[in-house]
Amino acid sequence: MSFNASQTRAIHHKNGPMLVLAGPGSGKTLVITERTKYLIEVCGIDPAQILVITFTKAAATEMKRRFQRKMNRSCPVTFGTFHAVYFAVLKHAYNYSADNIAREEQRYQCMREIIAKEHLTYEDETEFITSLLGEISLVKNSGIEIANYYSKNCAETVFRKVYRQYHEFLYKNRLIDFDDMLVYTKELFEQRADILAAWQNKYRYILIDEFQDINAAQYEAVKLLCGGKRNLFVVGDDDQAIYGFRGSDPAIMRQFLKDFPEAKQIFLSVNYRSRAGIVETAGKLIGQNRERFPKQIVAGQ
C-alpha cells in the first residue's frame with residue numbers, strides 16, 4: 001500500500017506529541033492503524049503498551065478489526081472508547097463492576113422523584129428529564145463549576161438542588177454514570193500518584209482518533225495519563241466536531257499546542273473520498289468560520 005508524504009510522516013512518527021490535522025477522507029483511520037503497526041514492527045514497541053482511543057464502541061471495534069487484519073495475528077493493543085478505558089481504571093481502583101453503572105431507568109426514576117419533590121413544572125416529563133440530565137452531563141464534562149452554570153430549564157438555585165440530589169442518589173447507591181467515569185478518573189489520577197504511575201507504565205504510547213470531539217474531562221485525564229513521556233498522538237479535524245452538546249470543544253485542539261509546545265504538526269490535505277467540485281464548495285463554506293485551523297483541502301481523484 002502506498003501513502004502520500006504527509007501520511008508517511010505521521011505513520012513514521014515515534015516519540016513525543018504530535019497533532020495530525022486530518023481533513024475529510026484523508027485517511028485518519030489508515031494513519032492510526034499503520035502507525036500502530038509501525039511502532040510494533042519497526043520501533044519494537046510492546047503492543048500491550050499501546051492505547052488507541054476513539055469515541056464510539058463501533059468505531060473502536062472497526063479500528064481494531066482493521067488493525068488485526070493488517071497484522072495477520074492477534075495483537076494485544078488496547079482499542080477502546082474513553083469511557084471503556086477510564087472505567088477499566090476505576091474497576092481496578094474501586095472494584096467497580098457493571099452493576100455500579102447507573103441504568104437509564106434508574107437515572108430517570110431518580111429525576112422523577114427529584115422533580116416531584118421540588119414541585120417543578122413541565123410540558124413533557126420525558127423531554128424535561130432528558131434536558132436536565134443533558135445539562136448535568138454538560139457540567140461534568142466541561143468542568144464548569146456548578147455555581148457558575150446557568151440552566152436553560154429552570155432557575156439556577158433550583159438546578160443546583162437537582163444536581164446535588166442527583167449526585168447524592170448516585171453516591172448513596174454506589175452508582176456512577178458515564179460522565180462520572182471521566183471525572184472520577186481525572187480526580188483519581190490527580191490524587192493517587194501511585195495509581196497514575198502504574199497506568200502510565202502500562203500505556204506508553206497513546207493515540208486518539210477524532211480528537212476534535214474531546215471534552216475537558218477527557219482531555220485533562222489523558223494529559224495526566226501520557227505523563228512525562230508525552231507520547232500523545234492525536235488526529236482530528238476541528239471542522240468536523242459533533243459533540244458540543246456534551247461539552248466537547250474543538251478549541252482543545254489549539255490548547256493541545258499550548259500544553260505540548262514541542263508537538264509536531266502534520267496536515268493531511270488530500271480528500272480521497274470526494275470529487276473536486278464537492279471539496280471546493282465545502283471549503284468555501286467552512287472557510288467562513290474564522291475560529292478554526294486554516295486549511296486547504298484538495299481532491300485526490
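Start by selecting helix α8 (residues 178-191) together with helix α10 (residues 216-226): in this predicted model, the two pack at an angle of about 35 degrees, and their axes lie 9 Å apart. Turn the view until you look through one helix onto the other, and you'll find that the crossing is left-handed. Now show side chains. On the α8 side, the contact uses L182, K186, F189 and E190; α10 brings A217, Q218, E220, A221, L224 and L225. Colour that set by class and you get six nonpolar residues, three charged and one polar. As for the spacing along each helix, residues three or four places apart point the same way, because an α-helix has 3.6 residues a turn.

From α10, follow the chain into the loop that leads to β5 (232-236) and pick R230. What is the sign of phi at R230? It's positive, about 55 degrees, although R230 is not a glycine. Most residues other than glycine have a negative phi. R230 is partly exposed, since its relative accessible area is 25%.

Next, jump to H119, in the loop between α5 (104-118) and α6. Here too a residue other than glycine has a positive phi, near 55 degrees. Is H119 buried or exposed? With a relative accessibility of 68%, H119 counts as exposed.

Move along to S151, which sits in the loop between α6 (125-142) and α7 (156-172). S151 counts as buried because its relative accessibility is 11%, under the 20% cut-off. Draw two distances from its side chain. One goes to the side chain of E135, a polar contact of 2.8 Å; the other goes to the backbone nitrogen of C154, at 3.3 Å. Then select what surrounds S151: skipping neighbours within four places in sequence, the contacts are E135, E156 and F159.

Now go to helix α2 (residues 28-41). Put a distance between its end C-alpha atoms and you should read 20 Å, which agrees with the 20 Å expected for 14 residues at 1.5 Å a residue. How many of the 14 residues of α2 are buried? The count is 10, so to speak a mostly covered helix. Select K28, V31, I32, T33, E34, R35, T36, Y38, L39 and I40 to see the buried ones.

Finally, zoom out to the whole protein chain, with its 12 helices and eight strands. Of its 301 residues, 47% count as buried. Take the contacts between residues at least 6 apart in sequence: 78% of them join residues at least 24 apart.

Terms used. Residues numbered from 1 in each chain as written. Predicted model: local features only at pLDDT ≥ 70, side-chain atom pairs only at ≥ 80, totals over all residues. Heavy atoms only, no water. Helix = DSSP H or I, 4+ residues; strand = E, 2+ residues; numbered from the N terminus. Buried < 20%, exposed > 50% of the residue type's maximum accessible area, 1.4 Å probe, protein only. Polar contact = N/O pair within 3.5 Å; in protein donor to acceptor, adjacent residues only side chain to side chain. Contact = heavy atoms within 4.5 Å. Axes fitted to C-alpha atoms, helices over the stretch in contact; angles between N-to-C directions. Left-handed = near helix turned anticlockwise from the far one by under 90°. Nonpolar A, V, L, I, M, F, W, Y, C, P; charged D, E, K, R; others polar. Expected span 1.5 Å × (residues − 1).
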